[in-house]
Amino acid sequence: MPLTEIDSLTLSHFLLTGAVLFCLGLIGFISRRNLIIMFLCTEMMFQGVAISLIAFSRFHMNDTGQTFVIFVLTIAAAEAALALGLVVLLFRRKHTLDALVWSKLKDV
Amino acid sequence: MEQYLEAALYIVSVLGALALSLMMPRGRSGVGKIGPLIGVAALGGLWLFLCSSGLWGDRETGLSTPAFIYYYVFSGIAIFSAVRVITHTKPVYAALWFVMVVLASCGLFLVLSAQFMAFAVVIIYGGAILVTYMFVIMLATQSTPDGHSGQIYDRVAKDPVMASAAGFLLLAVLLSVAFDYDQIKDIRMDAAKRQSDAALIESTLGNRPLAEQAVYKMNEAGEAVKVDAPEPPANLDPTRLANAERVGLDLFMSHPLGLELAGVILLISLIGAIVIAKKKVPDEGAVISR
């Protein structure tokens with residue numbers, strides 16, 4: 001794609017999409033009670049960050065942003081494996097996915 | 001113009017927070033229609049404002065360029081699907097909407113001409129990670145109580161108003177930085193800043209085989225016979241690097257330590273997942289959520 005074709009789209013447009021995805025993921029993580037949905041929302045926050053990184057990579061003409069997305073994917077995969085293992089473990093113990101059931105771990 | 005932008009961003013954020021807190025599952029139907037309406041209004045206001053010309057000085061709005069249209073289509077799909085992920089009361093459908101988020105953001109990657117990452121993300125997220133989520137959702141399902149569709153913890157959100165307020169406050173602050181014209185006016189796609197393909201090829205890929213590769217085929221007697229190499233595609237320019245080649249060079253030349261650490265992290269999580277999965281836990285009996 002020639003560089004001029006994308007010229008009217010600014011970096012802010014892509015940062016907007018990334019920020020909206022990140023904040024929606026954050027809201028979902030805070031307010032949903034299902035453990036699986038909570039971890040799905042963290043993956044959505046990763047997506048927002050990835051969009052921002054690739055936009056920075058494109059607008060600064062530097063491939064390191066895309067390399068960082070590879071690392072983000074690595075962390076996301078590791079996190080999904082461990083988190084889902086923990087979710088299955090917790091489900092086997094109490095037969096529920098409700099995060100509030102585990103609120104006795106709180107300090108109050 | 002710019003002070004209006006600031007005000008518009010905060011108004012849109014408040015509207016979005018209101019819409020989202022109305023759309024959050026609350027265990028009873030009723031408010032149903034108002035939330036999406038306000039949400040569409042907020043989204044439309046934000047889009048209109050982005051389109052407004054004159055904001056970016058000498059830049060035209062450029063609605064005719066295809067990249068512009070693709071950006072709005074993919075962003076709209078991504079944001080709508082993200083809202084459905086966090087408001088849907090059935091986990092399986094939330095996961096499927098998340099696939100839409102992934103596909104739409106990969107479309108944005110293509111708009112940004114990051115082809116390699118687009119396909120890698122489709123394969124890794126849409127393929128591997130989401131299948132794992134689906135398996136866990138199927139493994140960890142309870143029988144639903146009579147007369148209800150879905151579990152109580154899927155139908156009732158926890159503190160939706162506070163969560164929306166906090167999230168959209170963060171969003172407003174982030175956007176007021178992202179749209180600060182003084183900060184971003186210098187960030188333009190300047191081809192001169194890019195390390196030239198020719199220099200990269202010269203320094204790292206000096207002996208890159210281009211066309212003169214021998215191709216052998218086996219004939220009927222079982223002997224290897226040299227045949228003519230296939231013609232390289234006409235649009236192959238040996239002086240230019242593809243996106244995947246540039247990303248690969250950057251990954252292996254500039255971040256070798258990070259690459260090793262990523263491998264170690266993957267190994268640790270592999271071992272950790274096995275240890276977690278084999279652990280015996282006491283069965284404390286079903287807990288009824290309120």
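Let's start right after helix H3 of chain A, the one covering 64-94, because that segment is where A:His95 is found, and A:His95 counts as partly exposed, with 17 C-beta neighbours inside 10 Å. Keep in mind that this is a predicted model. What caught my eye is the backbone: A:His95 has a positive phi, about 55 degrees, and it is not a glycine. For background, most residues other than glycine have a negative phi.

Okay, over to chain B, where there's another residue like that. B:Ser113 is not a glycine either, and its phi is positive, near 50 degrees. Where is B:Ser113? In the loop between H4 and helix H5 of chain B, with H5 running 115-139. Buried or exposed, you might ask about B:Ser113? Neither, really: B:Ser113 counts as partly exposed, because it has 16 C-beta neighbours inside 10 Å, and buried would take 20 or more.

Now the helix ahead of that loop. H4 of chain B takes in residues 91-111, so to speak a run of 21 residues. From first C-alpha to last, H4 of chain B reaches 30 Å, and that is close to the 30 Å expected at 1.5 Å a residue. Then, following H4(B), you get B:Ser113 with its positive phi.

On the other side of the loop, let's move into helix H5 of chain B and stop at B:Tyr133. B:Tyr133 counts as buried, because it has 25 C-beta neighbours inside 10 Å, against a cut-off of 20 or more. So who is around it? Leaving aside neighbours within four places in sequence, B:Tyr133 is in contact with B:Ala95 from its own chain, and with A:Ile36, A:Leu40 and A:Leu84 from chain A. If you have the structure open, click on those four and have a look. There's also B:Val92: in sequence, B:Tyr133 and B:Val92 are 41 residues apart, yet C-alpha to C-alpha they are 8.9 Å apart in space.

Last bit, chain B as a whole. How many helices and strands does chain B have? It has 11 helices and 2 strands. Reading along the sequence, you go through nine helices, then the two strands, then two helices. Of the 290 residues in chain B, 26% count as buried, and B:Tyr133 is one that counts as buried. As for contacts in chain B between residues at least 6 apart in sequence, 60% of those join residues at least 24 apart.

How values were computed: Residues are numbered from 1 along each chain as its sequence is written. Chains are lettered from A and ligands numbered from 1 in the order in which they are written. This is a predicted model: local features need pLDDT of at least 70, side-chain atom pairs count only at pLDDT 80 or more; totals for chains, interfaces and linings use all residues. Helices (H or I, at least four residues) and strands (E, at least two) are DSSP runs, numbered from the N terminus. The expected span of a helix is 1.5 Å times one less than its number of residues. A residue is buried if 20 or more other C-beta atoms lie within 10 Å of its own, exposed if 12 or fewer, and partly exposed in between; C-beta atoms are placed from the backbone. Two residues are in contact if their C-beta atoms, placed from the backbone, lie within 7 Å.
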